[in-house]
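Colleague: Please display the model, and let us then go through it by question and answer.

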Amino acid sequence: MSESHQQPALARCPGCEEPPASGDLFCGACGYDLSAVPARPDDRPTMAITVPPAAPAVSPTGPPAPAVPPPAAPPVPDAPAPPVAAVQWPAASETDSSDVPAPVHRATDLPGTDSGGKPLPTTPPVRHDDRAAAVPAAAEPAAEPADPPYSPDSSNSPDSSGDFALAAPDPRTAEPTPTPAAGTRVCVACRSGRVDPDGYCENCGHAQPRERDHMEQELGSVAAVSDRGLRHHRNEDSFAVSSTALPDGSPAVVAIVCDGVSSASRPDEASAAAAVAANEALLESLPRGTHPQQAMHEAIVAASEAVNVLAQDPPGAAEHEAHRHQNAPACTLVGAIMAGGLLVVGWVGDSRVYWVPEDRTGPPARLTEDDSWAAQMVAAGLMNEAEAYADERAHAITGWLGADSYELEPHTASFKPDRPGLVVVCTDGLWNYAESAEEMAAAVPPEAHLRPLHGAQVLVGHALDGGGHDNVTVALLPFTLEQQGAGSACTTV
């Protein structure tokens with residue numbers, strides 16, 4: 001609580017230098033507020049030293065009670081200062097070599113109080129680099145400060161080891177991340193965040209790979225793998241593998257591989273639509289007893305119709321697709337059916353089917369002919385195969401599925417293998433790195449007929465190791481048949 005003191009009389013007004021009347025609070029000449037003039041300090045060149053208070057009494061069961069200084073009489077302004085009493089210093093606890101107390105004193109020899117009026121601690125000082133000494137051995141509780149520097153619940157309080165707690169959990173001791181709910185996509189980068197519908201992690205913001213960048217599927221004895229490759233920004237290939245039963249109960253295995261035409265619009269949608277349509281058509285016609293070769297022809301026609309529908313853009317699509325090519329969506333297609341001891345293949349475009357016998361001493365074979373400029377040159381006798389495929393126009397296709405294609409001419413062929421082997425159905429993203437039948441057979445791992453998924457993965461890796469300039473898709477169908485004697489690998493029906 002502050003106290004107000006009467007201001008002494010002023011000789012002159014600070015505002016106008018006129019002498020004010022005694023007791024005036026305001027100057028009569030200029031109206032200056034004389035009460036706002038600070039009082040003149042007393043001239044006391046020598047200040048008295050305060051006598052330290054007496055030592056506080058120490059309770060045997062509690063902390064020492066603070067010493068209460070006696071009330072001092074109000075000072076008299078004109079009275080002389082009282083004489084200063086001599087300070088009674090306690091005797092030093094150490095002695096020198098002559099048994100005389102040494103003139104050495106410690107700060108803890110004298111009692112005192114802190115700025116809050118509480119007694120200063122009397123425990124000996126400790127070294128901050130000595131953790132063992134930092135723990136007080138005395139059982140007496142110390143007085144708690146008014147504002148403790150650390151709180152047990154605060155993030156800046158040190159733990160039992162003297163280290164400060166981390167702002168985030170230590171990943172070495174963090175609890176394992178709970179298993180996400182079924183159907184929830186988990187980030188491939190942080191492995192904990194959920195992927196939002198836009199394809200980004202809600203935890204770390206990492207963009208997720210698209211689902212079609214790499215696809216694998218294994219269904220019984222057939223397997224397929226598709227990869228975006230190393231140069232393309234998206235995967236424009238697609239595939240479908242399935243199995244069904246013929247009317248007599250025997251199994252039928254199907255593999256469809258499609259390659260989107262990059263120069264057309266929405267090639268990824270075209271390949272996906274064609275693969276789905278062809279697969280569904282085969283699963284519908286084969287159980288009805290349709291001959292596999294006729295079923296393959298009808299499946300290719302159905303795939304063509306599905307791609308043609310994509311050219312009928314919905315209202316407003318042209319506005320959103322203005323940056324894309326104006327060519328109609330297009331793709332190629334190649335498929336294989338194993339049913340009733342027959343191997344039926346069908347294709348439009350330059351995707352291929354290879355036959356690799358299980359016994360590598362037998363000759364491999366390529367079962368399709370490309371719808372390409374190079375193939376036409378060779379068929380017309382204008383160039384040999386080496387010259388035609390060395391030309392820059394070699395891979396220009398002459399047949400495809402799409403609204404702007406020429407008259408659709410599906411190619412089908414039926415074979416009856418006389419020995420077990422492996423059917424390789426692939427796009428040019430693979431056969432560009434293993435063009436001949438011998439090169440393809442050399443790239444196929446020996447156990448691929450037992451592990452088709454592994455074999456497909458190895459073949460995709462072969463294309464990626466070769467440069468991966470295109471999308472890569474391959475399906476493997478092992479063909480099992482009891483040995484019936486020597487002969488060619490495949491016999492055309």
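Colleague: What is the relative accessible area of arginine 266?

Modeller: This is a predicted model, in which local features need pLDDT of at least 70 and side-chain atom pairs count only at pLDDT 80 or more, while totals for chains, interfaces and linings use all residues. Residues are numbered from 1 along each chain as its sequence is written, and side-chain values use heavy atoms, with hydrogens and water left out. Buried means under 20% relative accessible area, exposed over 50%, and partly exposed in between, with a 1.4 Å probe and protein chains only. Arginine 266 is buried, and its relative accessible area is 12%.

Colleague: With which residue does arginine 266 form a salt bridge?

Modeller: A salt bridge requires a side-chain nitrogen of Lys or Arg within 4 Å of a carboxyl oxygen of Asp or Glu. The closest N and O atoms of the arginine 266 pair are 3.5 Å apart. The partner counts as partly exposed, at 33% relative accessibility. It is glutamate 269.

Colleague: Are arginine 288 and glutamate 284 buried or exposed?

Modeller: The side chains of arginine 288 and glutamate 284 form a salt bridge, at 3.7 Å from N to O. As to accessibility, both residues are exposed.

Colleague: How many residues apart in sequence are the parts that arginine 352 and aspartate 370 tie together?

Modeller: The side chains of arginine 352 and aspartate 370 meet in a salt bridge of 2.6 Å, N to O. Helices (H or I, at least four residues) and strands (E, at least two) are DSSP runs numbered from the N terminus. Arginine 352 belongs to strand S7 (residues 352-357), whereas aspartate 370 is in the loop between strand S8 (365-366) and helix H5 (373-379), so the separation in sequence of the parts they tie together is 18 residues.

Colleague: What are the relative accessible areas of arginine 352 and aspartate 370?

Modeller: Both ends of this salt bridge are buried. The value for arginine 352 is 0%, and that for aspartate 370 is 6%.

Colleague: Which residues do salt bridges that share partners join into one network?

Modeller: The salt bridges come to 11 in total. Shared partners link one network, which consists of Arg210, Asp213 and Arg228.

Colleague: Which strands stand at the edges of the open sheet?

Modeller: The open sheet has 6 strands in the order S1-S2-S12-S11-S7-S8, with antiparallel pairing; two strands pair if DSSP finds at least two bridges between them. Each edge strand has a single partner strand, so one side of it is left without a neighbour in the sheet; these strands are S1 and S8.

Colleague: Which residue in S2 stands opposite glutamine 217?

Modeller: Strand S1 (residues 214-219) pairs with strand S2 (residues 222-227) in the antiparallel sense over 6 bridges. The hairpin has 2 residues between the strands, and glycine 220 takes a positive phi near 65 degrees. Glutamate 216 stands opposite valine 225, and glutamine 217 stands opposite alanine 224.

Colleague: What length does helix H3 reach from its first C-alpha to its last?

Modeller: Helix H3 (residues 292-310) has 19 residues. The expected span, 1.5 Å times one less than the number of residues, is 27 Å, and the model is close to it at 28 Å.

Colleague: What is the mean pLDDT of the chain?

Modeller: The pLDDT is the predictor's confidence in each residue, from 0 to 100. In this chain 63% of the residues reach 70 or more, and the mean is 77.
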